[in-house]
Amino acid sequence: PTHNKDFAVAADALYMLLEKYQNLKLIIVGFMDIKGPLLKYSNRIEKQPLQNFVELQYLMSKAEINIIPLQDNDFTNCKSELKYFEAGITGTLSVATPTFTYSNAIREGENGFLANSYEWYEKLTYVIDNFDDISKAVGEKAHNDSLSKYSWENQIDLIEKTLFSYNEESITPSIESVIGNDSDLARNEKLLSCISLWENEGLEI
């Protein structure tokens, strides 16, 4: 499953962190195989079964740091920022792979942190070492951001516009209207890949 491949992006860093910080504990929710060097610290790895929404929110609120490691490919660049705002609404800060969506949602050091595949150990070490100084401010901004952008009552206008504002001649917005004036070619290419996957393969994301 893709979750195991995504988790592998940060697995080596997590092993080194468990080795460095004796009070560190890893909580894994859902379908995930723990293998390799991490098995050495299985007594500090708590596995929880798949949770309903309410229980998942409770577990996220107990965690100090939420990690979102992902492979960087067309599929993961089409994933939503769900794991950011699920944690953010509880005030838990996130460290995520800078895919298209997460790099747009997370402002580095302000409402969360971004880590490339080679940066997980360095970035998590920084967050752990400075947790007492940064967690309150970053967590509050993540909470406020999640509430203002992703709460259901703030989606009404967007839903109405999506459902009712297109006529038959313009049922799909143009690429230009989706991309806007963003001059960052690399990010636009990721978005175009996402649109292509959605239109051509019918992926459910």
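Select tyrosine 150 to start: at 21% relative accessibility this residue counts as partly exposed, a class that lies between buried (under 20% relative accessible area) and exposed (over 50%), with a 1.4 Å probe and protein chains only. The model is predicted, so local features need pLDDT of at least 70 and side-chain atom pairs count only at pLDDT 80 or more, while totals for chains, interfaces and linings use all residues. Residues are numbered from 1 along each chain as its sequence is written, and side-chain values use heavy atoms, with hydrogens and water left out.

**Stop 1: the rings around tyrosine 150**

Keep tyrosine 150 selected and add phenylalanine 85. Their rings form a stacked aromatic pair, 4.4 Å centre to centre with 15° between the planes. Rings of Phe, Tyr and Trp (its six-membered ring) pair if their centres lie within 6.5 Å; planes under 30 degrees apart count as stacked, over 60 as edge-to-face and the rest as tilted. This pair joins distant parts of the chain, with phenylalanine 85 in helix H3 and tyrosine 150 in helix H6, 65 residues apart. Helices (H or I, at least four residues) and strands (E, at least two) are DSSP runs, numbered from the N terminus. Phenylalanine 85 has a relative accessible area of 22% and is therefore partly exposed.

The structure holds four aromatic pairs. Now add tyrosine 84, which forms an edge-to-face pair with tyrosine 150, at 6.4 Å centre to centre and 80° between the planes. Tyrosine 84 sits in H3 and tyrosine 150 in H6 (residues 131–150), 66 residues apart. Tyrosine 84 has a relative accessible area of 0%, so this residue is buried. Ring pairs link Tyr84, Phe85 and Tyr150 into a cluster.

**Stop 2: strand E4 and its neighbours**

Select residues 93–96, strand E4. Leu93 and Val95 point one way, Ser94 and Ala96 the other, and all are buried. Add E3: the two strands pair in the parallel sense over four bridges, where pairing requires that DSSP finds at least two bridges between two strands. Isoleucine 68 stands opposite alanine 96 in E4. Show H3 as well, and a right-handed β-α-β unit of E3, H3 and E4 is in view. Right-handed means that, with the strands pointing away from the viewer, the path from the first strand over the helix to the second runs clockwise.

Next select strand E5 (residues 113–114), which pairs with E4 in the parallel sense over two bridges. Phenylalanine 113 in E5 is the bridge partner of valine 95. With helix H4 (residues 100–105), E4 and E5 make a right-handed β-α-β unit.

**Stop 3: the largest pocket**

Select Ile27, Val29, Met60, Asn66 and Ile67. The space of the largest pocket is about 1,500 Å³, and of the 43 residues that line this pocket, these five are the closest to its centre. On a 1 Å grid over the protein atoms alone, a pocket is an open set of points where a 1.4 Å probe fits, with protein on both sides within 12 Å along at least five of seven lines; lining residues have an atom within 4 Å of a point. The volume is the space filled by probe spheres set on the points, which are joined across faces, edges and corners.

Elements that each supply at least two lining residues include H1 (2–20), E1 (26–29), H2 (53–62) and H5 (120–129). H1 gives the most, six residues. The lining divides into 29 nonpolar, six polar and eight charged residues. Here Ala, Val, Leu, Ile, Met, Phe, Trp, Tyr, Cys and Pro count as nonpolar, Asp, Glu, Lys and Arg as charged, and the others, Gly among them, as polar.

**Stop 4: aspartate 33**

Finish in the loop between E1 and E2 (45–48), where aspartate 33 is found. Aspartate 33 counts as partly exposed, at 45% relative accessibility. Its C-alpha atom is separated by 9.1 Å from that of histidine 3, 30 residues apart along the chain.
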